[in-house]
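Work through these exercises on charged side chains with the model open. Try each task before reading its solution.

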Amino acid sequence: MSMIIDRRLNDRNKNATNRQRFIRRYKAQLKRSVTDLVAERSITDMGRGGEVGIPVKDISEPRFRVGQGGDRDMVHPGNHSFSPGDLIEKPQGGGGGGSGQGGGGEGGDGQDNFMFTLSKEEFMNLFFDDLELPDLARTMLGDAHQFTMRRAGYTPSGVPANLSVRRSLQNAMARKIALASPLKRELRELEAAGGDPDEIQALKDRIERIPFLDEYDLRFRHKVKEPKPISRAVMFCLMDVSASMSEQKKDLAKRFFTLLYLFLSRKYEHVDLIFIRHTSNAEEVDEDAFFNDPQTGGTVVMSALNLMAEIIEERYPSSEWNIYGSQVSDGDAFGSDPQRSCSRLSKDILPLCRYFAYVEVPDSPTSITPLAAAYSQIQNSNFAMRTVMHRSDVYPVLRDLFQREAA
């Protein structure tokens, strides 16, 4: 039986295999930490890696200990302060009775964290690994692609986990036969002719010194990312920027659309994104203006839906495109605008859409806004409505809206 021991020096990604194993094993804990990390970040830092903390108790390994078995008789010393059944009070202020130099903390309880630094790639994989656009029809192939990993032969370099033992041994045997055959032929000729014993021994030593396995022989399984064409898709992003949207509400809206943008750009090679912002009038803007330019005014939700319908009719026929929509508003609409918007959405837009998500950022979680009351009457499986109150709610809501469907 042959054994291969990889003694090559590791490169700068020397812990790649161990890191992936750790991430797979503690994926649930890392996802919880990533969710907390995103809630604290600014919008511009959403897509970068970072350091996350995992409670030590969550990664502790089970251990076996050898205990003392059998019956034992033991004598314990008594005490002068307590009797059986007495309750011992918890130390106040975290203790403070030890010999350390620091003071006690508040509450008396604490928990150590194991800190793990995620790269940008690892952070994004944990973030969006199980999200996808719902009901994406594969009827009209276009420019949008998903990526799949495909076998692409072998390569002389790679990580140990991808080492092909069979191919490496084949190369080693071929190399050894090629190097040893001329020497063995020369050795046979010398032995048949009764040549110099020292020369014969030197040839034998040269044959023995040919290594069984050389670094040149190693071959690693190679995989490449291959774009897989899918149907063409477009996502309409509708954001309310009227005067009733405070800076805190606008921050929540921009966070939602930032995560949505990262998800689509990460998951799909190309999906058209149409940015629409509205006050009393709606306008199509580019990405920079959508996220950065300030604007304020009255509120007419109908204007954004009308503009979306016009763009669909002009540039994105539903027979050729998978149409998606996402809308964020505080629900503050006046007069007949909520009912007219609801009618426009349910009768003219939803029949063309694969999926439409409405996210509301109200003043209070118990308040029912005019727009939410109108939208709640929509009976369509392609429509979803959620509420966001705090930064920590944005990512769970996005995951809930775009969760990958079960096979």
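## Exercise 1: a strand and a helix

Arginine 386 and aspartate 400 meet through their side chains in a salt bridge, at 2.6 Å from N to O. The model is predicted. Task: find which elements hold arginine 386 and aspartate 400, and what the pair ties together.

Solution.
- Step 1. Place the arginine: arginine 386 lies in strand 10 (residues 383-387).
- Step 2. Place the partner: aspartate 400 lies in helix 12 (residues 391-401).
- Step 3. The pair therefore ties together parts that are 14 residues apart in sequence.
- Step 4. Check exposure. Arginine 386 is partly exposed at 28% relative accessibility. Aspartate 400 is partly exposed too, with a relative accessible area of 42%.

## Exercise 2: a pair within one helix

Task: locate aspartate 251 and arginine 255, and say how many residues apart they are. Then decide whether arginine 255 is buried or exposed.

Solution.
- Step 1. Confirm the contact: aspartate 251 forms a salt bridge with arginine 255, with the closest N and O atoms 3.0 Å apart.
- Step 2. Both residues sit in helix 7, 4 residues apart, so about one helical turn separates them.
- Step 3. Apply the cut-off: buried means under 20% relative accessible area. Aspartate 251 is buried at 19%. Arginine 255 is buried at 2%.

## Exercise 3: a link across the sequence

Task: determine what the salt bridge between lysine 249 and aspartate 330 ties together. Then find which residues are linked in a network with Lys249.

Solution.
- Step 1. Lysine 249 forms a salt bridge with aspartate 330; their closest N and O atoms are 3.8 Å apart.
- Step 2. Lysine 249 lies in helix 7 (residues 247-267), and aspartate 330 in the loop between strand 8 (322-329) and helix 10 (337-349), so the pair ties together parts 81 residues apart in sequence.
- Step 3. Lysine 249 counts as buried, at 5% relative accessibility. Aspartate 330 is buried as well, with a relative accessible area of 4%.
- Step 4. Extend the search: salt bridges link Lys249, Asp330 and Asp363 in a network.
- Step 5. Set the count: the whole structure has 10 salt bridges.

## Exercise 4: a charged patch

Task: find which residues gather with Arg185 in a patch of positive charge. Where does arginine 185 lie?

Solution.
- Step 1. The surface patch brings together Lys176, Lys184, Arg185 and Arg188.
- Step 2. Arginine 185 belongs to helix 5 (residues 165-193).
- Step 3. Patch residues need over 30% relative accessible area and no salt bridge. Arginine 185 is partly exposed, at 45%.

Technical notes
Residues numbered from 1 in each chain as written. Predicted model: local features only at pLDDT ≥ 70, side-chain atom pairs only at ≥ 80, totals over all residues. Heavy atoms only, no water. Patch = residues over 30% accessible without salt bridge, like charges linked within 9 Å, V, L, I, M, F, W, Y side chains within 5 Å. Areas by Shrake-Rupley, 256 points an atom, 1.4 Å probe, with all protein chains shown as cover. Salt bridge = Lys/Arg side-chain N within 4 Å of Asp/Glu carboxyl O. Lys, Arg positive; Asp, Glu negative; His and termini not counted. Charge placed at Lys NZ, Arg CZ, Asp CG, Glu CD. Helix = DSSP H or I, 4+ residues; strand = E, 2+ residues; numbered from the N terminus. Buried < 20%, exposed > 50% of the residue type's maximum accessible area, 1.4 Å probe, protein only.
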